[in-house]
Amino acid sequence: MPTIDSFIGFPLLLCAGVAVILIALMAIIKIKNTAKISFIFFVVTALMIAGSIYCYYKAYYIYFVFTAILCELALIPIMVIKIFDTPKRREEKLAEKNAKLATSQDSDTVTKEVVAKLEEKHQRLLDVNKDLISKLSTFFSSDNSMENFLEYCNDILMEKVKADGCVILIADDYDNTLAVKSFKGSFPPPYKLPEDLPHKPIRVETNFKFAQFQLEGNIFGDIYTNGEPAYIPDSVKDGRIYQNGPEDFLRCGSYIFVPIKQAEGVLGVIALSRNPESEKFSNEDYNEALILGDAISSTMKPLYSFLAYAEHTELNKGGSIASKYQKDMLPAKLPVIPGLSIGCFSNAAENVCGDYYDIIVARKDKVSFIMADVAGKGMNSLIVMIMIRAILRLAVNTNQSASTIMSWTNRGICLESSKIDHFASVALINYNATTKEAEISTCGNNPVFLYSAETKEFKQLSSISEPLGVTKDTEYSNQIIKLNSGDILATCTDGLLESLSENGVQYSTDNFKKVIVKNCGASAKDISNRVKDDLKKYCGIAQQYDDQSLLVIKIQ
């Protein structure tokens, strides 16, 4: 007869099923977050499911008892915690949690505000850049592109920042100074005025417009050197601003200084001012000036690039024309002179065209050899070269000494009052074929060398002196030497001796001497060709920045 224990399987399965329903309901509550359910309830329910099923299959009911005991033990810790938990403590924890949540939300709000401000600032910068670049293209075709562009920037700065005065200064890399390139409005000078300058508005303003500021010791130089902007709402309280006097037009108000920066460094400084009776600059004005300063800085880069390109194009054009005329002035064919062997060459560097040599047969007993190196480049050097050539071609036909001819040429050059450089180094050699004597006079740094066939000695006859065109009273020396068969005279421009190798080392007199001595038995033409080949091998692919010219005279 079956007992009640025979039906225990059904209650065990029912227990497991109810437990499954409970764990599903707790999961839904957890997901929807409608109530707080401890993780321990999931553990207990899972144990009940596992124990009921295990007991059903094994038919040992003792396992169900152990399952119940484990569930009770698992519930004890959570009950102990709940005994010591109070409503007040729960409220404190809830308040703490809400406070953290509120702080996080405030932080998110602040972050969003900062991001919004940055986006607004960058959008403003983009808009200003767009306007400036659009306007910049209109200045490319003007004669004074940079000056006109800075004037336009000055107008925008004064309008947008509502300043009473604005000054834009640009650095001069050669003099290490800052020069005013644009000046508008009323700008009380923040630097110490010269003591002998009358305190009159027109005199002070004129002094300001044409002043050269050092890169230290004044507010402009300090801003340029540090590369950091400055906001000075009250100049009386700032020691960087110099107070010049009690006159109303000299009283300083508030200032804003913004450096004009490029990737390679600082180009200049923007300075804005408001008079003491005007409202002081605000933080908003300062931020507006920074945005405009950044826009002007980035816009000036393409303008500088355009100006550099235009200058390079003009130099190339002028250099090409000058190079053509320079070649036309060189002897097309060397004259045949009994008792002499002559060799020469000239390598013109790009856009330089400053070297000139000539061979003038004045009489049967007199031949003049000229080597000249004119300062400057392009058309400037060509004009001076033509003047020197014309004067020398007239003067060597006289009976005057080489030093006198050099003095005449110098006076003729010094009378030139144009703004172009008119300096030149010249070596003049008058050779008397009857007596085999050479009369030498030099100026500047064009050397004359002598190789003696008798003593095998190589030496420099000339010394560095004042070039042509410095002052009309310059006196030049005269040197007369006796020459013998096999002797070699050589003169060249400094561009040859100072030619650079790929490692940046100059060719020098020593290398030149070695070629002359080694080939002393050859003709002058061969010697000049050997020097040319040796120079080309020495320089390799290194770029040269000066003309290279050589004239060799060998006594037969």
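# Close-up views of a predicted model

**View 1. Arginine 274 and aspartate 285 form a salt bridge, with N and O 3.2 Å apart.** A salt bridge here is a side-chain nitrogen of Lys or Arg within 4 Å of a carboxyl oxygen of Asp or Glu. This pair links distant parts of the chain: arginine 274 sits in strand E6, aspartate 285 in helix H8 (residues 283-329), 11 residues apart. Helices (H or I, at least four residues) and strands (E, at least two) are DSSP runs, numbered from the N terminus. Arginine 274 and aspartate 285 are both buried. Buried means under 20% relative accessible area, exposed over 50%, and partly exposed in between (1.4 Å probe, protein chains only). The model is predicted: local features need pLDDT of at least 70, and side-chain atom pairs count only at pLDDT 80 or more, while totals for chains, interfaces and linings use all residues. Residues are numbered from 1 along each chain as its sequence is written, and side-chain values use heavy atoms, with hydrogens and water left out.

**View 2. Aspartate 155 and lysine 184 bridge helix H5 and strand E2.** Their closest N and O atoms are 2.4 Å apart. In the chain, the two residues are 29 residues apart. Aspartate 155 is partly exposed, at 36% relative accessibility. Lysine 184 is partly exposed too, at 22%. Salt bridges with shared partners join Glu151, Asp155 and Lys184 into one network. The structure holds 8 salt bridges.

**View 3. Glutamate 205 and lysine 209 form a salt bridge within helix H6.** The N to O distance is 3.1 Å. The two residues are 4 apart in H6, so about one helical turn separates them. Both partners are partly exposed: glutamate 205 at 31% relative accessibility, lysine 209 at 34%.

**View 4. An open antiparallel sheet of 6 strands runs in the order E3-E2-E1-E6-E5-E4.** Strands pair if DSSP finds at least two bridges between them. Strand E3 (212-214) and strand E4 (230-232) are the edges; each has a single partner strand, so one side of each lacks a neighbour in the sheet. The twist averages 25 degrees from one strand to the next. Axes are lines fitted to C-alpha atoms, for helices over the stretch in contact, and angles run from 0 to 180 degrees between N-to-C directions. E1 and E2 are joined by 8 bridges, with leucine 169 partnering valine 180 of E2. E2 and E3 share 3 bridges; threonine 177 stands opposite glutamine 214 in E3.

**View 5. Helices H5 and H6 meet the 6-strand sheet.** Contact means heavy atoms within 4.5 Å. Helix H5 (residues 145-161) touches E1, E2, E5 and E6, and its direction makes about 60 degrees with that of E2. Helix H6 (residues 201-209) lies across E1, E2 and E3, at about 135 degrees to E2.

**View 6. An open sheet of 5 strands follows the order E8-E9-E10-E11-E14, with antiparallel pairing.** Strand E8 (355-363) and strand E14 (479-482) stand at the edges, each with a single partner strand, so one side of each is without a neighbour in the sheet. Neighbouring strands are turned by 15 degrees against each other on average, direction ignored. Strands E10 (residues 424-432) and E11 (residues 437-443) are joined by 7 bridges; valine 426 has cysteine 443 of E11 as its bridge partner. Helix H9 (residues 379-395) packs on this sheet and touches E8, E9 and E10. Helix H10 (residues 402-414) lies across E9, E10 and E11, at about 30 degrees to E11.
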